[in-house]
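This report concerns the enclosed spaces inside a protein model and the residues around them. Please consult the sequence and structure shown here.

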Amino acid sequence: MVDCLCRGFPERDRRYWIQALTRLSQRPAVAEFQKYGFALEKAGRIVGVVLTLYTRYRRQEGDETRCNLSSWSVDAEFRPYAIKLIAAVLKQRDVTYTNVSPAPATLKHNLALGFRLFSSGQFAFLPAFSSVQRSCRVLEARPDLAEMAMLPDSERYILSEHAALGCLSLICICDGVAFPFVLMPRRILRGLIPSYQVVYCRSLADLSRCAAAMGRFLLRSGILLCVVDAKEPIAGLFGWYRPNRGLKYFRGPRPPSLGDLTFTELVMFGP
């Protein structure tokens, strides 16, 4: 499987794929769904792969299952089977499927398979320059932090799991209410500028409300810039909208909210 992925994504080395599969092996299986994904085999040789990252979310309105489709690769001589490989995954009507890093060559296939855009651009912003919210403080989430009890179990799980994956998990307390955030380190502009990608917030309105306090917190480590998925400029944030950047697609009953990339390949597999 690693050999096939290396052929399909030559810009990634073997260590990347070994880490990706190792992290998948450490994730709990979700009900009857595949733990790793599907492979296309010919005479004992893997010639195609699609990885599936299933997550079940506990919500007040009922459980939700998402599947992030990742690393879709089929050797050139077997490309006619590529659609059949992905179609084998897309059988559950109650699952929301996402593709958060589509290759340009697969965009037509995405549309043909019923995928739709849920993010058409990205908003880069300087949180420290955003509108100030009074009575706001930011804490790094830790298991022994008393303020963790202000969050539901599902969000405490998201914060702790993503912190273990190298993300920065934060709790912003505003007027006695706790807001969770997860930020993933990344570099933009050809890897020259350190920044954070927002991979979890309840809403962009919450992000705008807490941005100034988070910005002051991030300044301690010298980070000025953050990026979040968006469809348009975000009120209350000081920055600029970049259309047609980081396109993200979904198929299923409900799209992920903007700013929610939890348990996707972008986080699970590392930079």
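## Internal cavities

Strand S2 gives the most to the lining of the second largest cavity, with 3 residues. S2 and strand S3 (64-74) each supply at least two residues of that lining. Strands here are DSSP runs (E, at least two residues), numbered from the N terminus.

The model is predicted, so to speak of local features requires pLDDT of at least 70, side-chain atom pairs count only at pLDDT 80 or more, and totals for chains, interfaces and linings use all residues. Numbering runs from 1 along each chain as its sequence is written, and side-chain values use heavy atoms, with hydrogens and water left out.

The structure holds 2 cavities of 30 Å³ or more. A cavity is a set of points, on a 1 Å grid over the protein atoms alone, where a 1.4 Å probe fits but cannot get out; lining residues have an atom within 4 Å of a point. Volume is the space filled by probe spheres set on the points, which are joined across faces, edges and corners.

| Cavity | Volume | Residues closest to the centre |
|---|---|---|
| Largest | about 110 Å³ | Arg27, Pro28, Lys35, Leu53, Tyr54 |
| Second largest | about 70 Å³ | Arg66, Asn68, Thr98, Thr262, Thr264 |

For the largest cavity, S2 (residues 45-57) is again the main contributor, giving 4 residues to the lining. That lining comprises 9 nonpolar, 3 polar and 2 charged residues, whereas the second largest cavity has 7 nonpolar, 5 polar and 2 charged. Nonpolar covers Ala, Val, Leu, Ile, Met, Phe, Trp, Tyr, Cys and Pro, charged covers Asp, Glu, Lys and Arg, and the others, Gly among them, are polar.

Methods
1 Å grid on protein atoms, 1.4 Å probe; cavity = no way out; pocket = protein on both sides within 12 Å on 5 of 7 lines; lining within 4 Å.
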